[in-house]
Amino acid sequence: ARPVLRAVKMRKHFPVRGFRSDKVVHAVDDVDLELYAGRVVALVGESGSGKSTIARLLAQLMPTTAGQILLDGEDATARGRKSFRRYVKRVQMIFQDPFGSLNPVHTVRYHLTRSIRIHRGNLKGAEMEAALDELLDRVHLTPVDRYVDKYPHELSGGQRQRVAIARALAADPDVLLADEPISMLDVSIRLGILNLLRDLRDRLGIAILYITHDIASARYFADKTLVMYAGRVVESGDSESVTQDPKHPYTQLLIGSAPDPDDMEARARGARGEAPSLVTPPPGCRFNPRCPFATDLCRTELPPLMDVGEGRKAACWGYSDRPDRPELGSVLDA
Ligand code: ATP
Ligand code: MG
């Protein structure tokens, strides 16, 4: 099968503000990514690694610096007005903070009817009511009467996120970009939202990009996991093997050095050293200053994502056949 949405060597460099500054922030560099119908891909990585930038590029909320975005194999960045409208209908985004993305002065009905009108046309009377019913039913906000005339502040965080998801579904999307959709919610209701998204994946065949700090939830929810470090994908593979048998020293550190096994952010902070500057990234592998196994090769040449077997990839010279490759060991003992 062919991916619904595909990024090829996608790049985003933000100019650094300042007098005659020609410096840029290397937020996303040469990222390849493929989303398939009915499959979930997780994007994990510590704060500032470029996850939200990838989502915003894929949603076409801003232009790429380089690379391609392909929807059904067709270049989606070559913008005609009409094709752009079609794109934003098919590729919907949901955000971390449903309170921030819903307008506090409008009811659930307003938010949903507006989205239905934009994406499906101006349905009238009974037709519109039926569409509202169907959307709220999809996200399990039933009985519909209990929710449809509520304002955002009258709902719980989880209910607000369900409304945000229903609004995205009004577009009948093929792709859902979910940027930390549960991280602001109560721990007790997180699973409910992930199960809802999983249900949409299975019943509607939607392709989902799931962005998270929490690799445990990626393992639970995602078919495939990509690990980001400083704007680059450093490891990819099916979620189970990436979390059970991480290949890249960074992923190993992330999974292994946790004070709290459920909190990847704490893990990232606990890991030795700081994330590198994205304005002047270290030459070679961006992880080399923090890597206990780094050699001259790692300090001078950027490792490509290499096949490491079983459909898995890692951007680490340790998996190459270069004679000057580093000898990998146990990160946690190093
Ligand atoms: P978090 O987990 O904290 O949400 P993230 O992985 O989503 O982090 P991004 O928000 O994509 O990270 O940011 C990646 C890098 O790009 C950061 O260094 C950030 O400061 C920078 N950045 C993001 N947006 C802009 C912008 N509009 N202008 C300049 N730099 C930006
Ligand atoms: Mg983010």
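**Figure 1. Leu-58 and its contacts in the predicted model.** Leu-58 touches six residues that lie beyond its sequence neighbourhood: Leu-5, Ala-7, Ile-69, Val-91, Leu-177 and Leu-209. The view belongs to the largest nonpolar core, which holds 87 residues. Within this core, Ala-42, Leu-58, Leu-209 and Tyr-210 touch the most other members. Helix 7, residues 157–169, gives the most to the core, with 6 residues. In soluble globular proteins, nonpolar side chains tend to be buried together.

**Figure 2. The whole protein chain, for orientation.** The chain has 13 helices and 12 strands. Its radius of gyration is 21 Å, and the globule rule gives 20 Å for 334 residues. The two values are close, so the chain is as compact as a globular protein of that length. The C-alpha trace spans about 70 × 45 × 45 Å along its principal axes. Buried residues make up 41% of the 334 residues. Among contacts with a separation of 6 or more, 64% join residues 24 or more positions apart.

**Figure 3. The shell around ligand 1.** Which residues surround ligand 1? The shell consists of Phe-14, Val-25, Ala-27, Gly-45, Ser-47, Gly-48, Ser-49, Gly-50, Lys-51, Ser-52, Thr-53 and Leu-278. By class, 4 are nonpolar, 7 are polar and 1 is charged. Strand 2 (24–35) and helix 1 (51–58) each supply at least two shell residues. Helix 1 gives the largest share, 3 residues.

**Figure 4. Lys-51, a shell residue in helix 1.** Is Lys-51 buried or exposed? Lys-51 has 24 C-beta neighbours inside 10 Å, so it counts as buried. Lys-51 is one of the residues around ligand 1. Leaving aside neighbours within four places in sequence, Lys-51 is in contact with Leu-43, Gly-45, Ile-211 and Met-228. Gly-45 also belongs to the ligand shell. Thr-212 is 161 residues from Lys-51 in sequence. In space, the two C-alpha atoms are 8.4 Å apart.

**Figure 5. Strand 9, covered on both faces.** Strand 9 runs from residue 224 to 229. 6 of its 6 residues are buried, so the strand is largely enclosed by the rest of the structure. One side carries Lys-224, Leu-226 and Met-228. The other side carries Thr-225, Val-227 and Tyr-229. Met-228 is also a contact of Lys-51, the residue shown in the previous view.

**Figure 6. The partners of strand 9.** Strand 3, residues 40–44, pairs with strand 9 in the parallel sense over 4 bridges. Here Ala-42 stands opposite Thr-225. Ala-42 is also among the core residues that touch the most other members. Strand 10, residues 232–238, runs antiparallel to strand 9, and 6 bridges join the two. Lys-224 has Asp-238 as its bridge partner in strand 10. Strands 9 and 10 form a hairpin with 2 residues between them. In this hairpin, Ala-230 takes a positive phi near 50°.

**Figure 7. An open sheet of 4 strands.** In what order do the strands of this open sheet stand? The order is 2-1-4-5, and the pairing is antiparallel. Strand 2 and strand 5 (74–75) stand at the edges. Each has a single partner strand, so one side of each is left without a neighbour in the sheet. Strand 4, residues 66–71, is joined to strand 5 by 2 bridges. Leu-71 has Glu-74 as its bridge partner in strand 5. Strand 2 also supplies at least two residues to the shell around ligand 1.

**Figure 8. Helix 11, mostly covered.** Helix 11 spans residues 249–256. Of its 8 residues, 6 are buried. These are Pro-249, Tyr-250, Thr-251, Leu-253, Leu-254 and Ile-255.

**Figure 9. Ala-171 in the loop after helix 7.** The loop links helix 7 to strand 7 (175–179). Ala-171 has 18 other C-beta atoms within 10 Å, so it counts as partly exposed. Outside its sequence neighbourhood, Ala-171 touches Lys-89, Gln-92, Ser-115 and His-119. Ile-116 lies 55 residues from Ala-171 along the chain. The C-alpha atoms of Ala-171 and Ile-116 are separated by 6.8 Å.

Conventions: Residues are numbered from 1 along each chain as its sequence is written. Chains are lettered from A and ligands numbered from 1 in the order in which they are written. This is a predicted model: local features need pLDDT of at least 70, side-chain atom pairs count only at pLDDT 80 or more; totals for chains, interfaces and linings use all residues. A nonpolar core is a set of buried Ala, Val, Leu, Ile, Met, Phe, Trp, Tyr and Cys residues joined through C-beta atoms within 7 Å. A residue is buried if 20 or more other C-beta atoms lie within 10 Å of its own, exposed if 12 or fewer, and partly exposed in between; C-beta atoms are placed from the backbone. Two residues are in contact if their C-beta atoms, placed from the backbone, lie within 7 Å. A residue is near a molecule or strand if its C-beta atom, placed from the backbone, lies within 6 Å of it. Ala, Val, Leu, Ile, Met, Phe, Trp, Tyr, Cys and Pro count as nonpolar, Asp, Glu, Lys and Arg as charged, and the others, Gly among them, as polar. The radius of gyration is taken over C-alpha atoms; the globule rule is 2.2 Å times the number of residues to the power 0.38. Two strands pair if DSSP finds at least two bridges between them.
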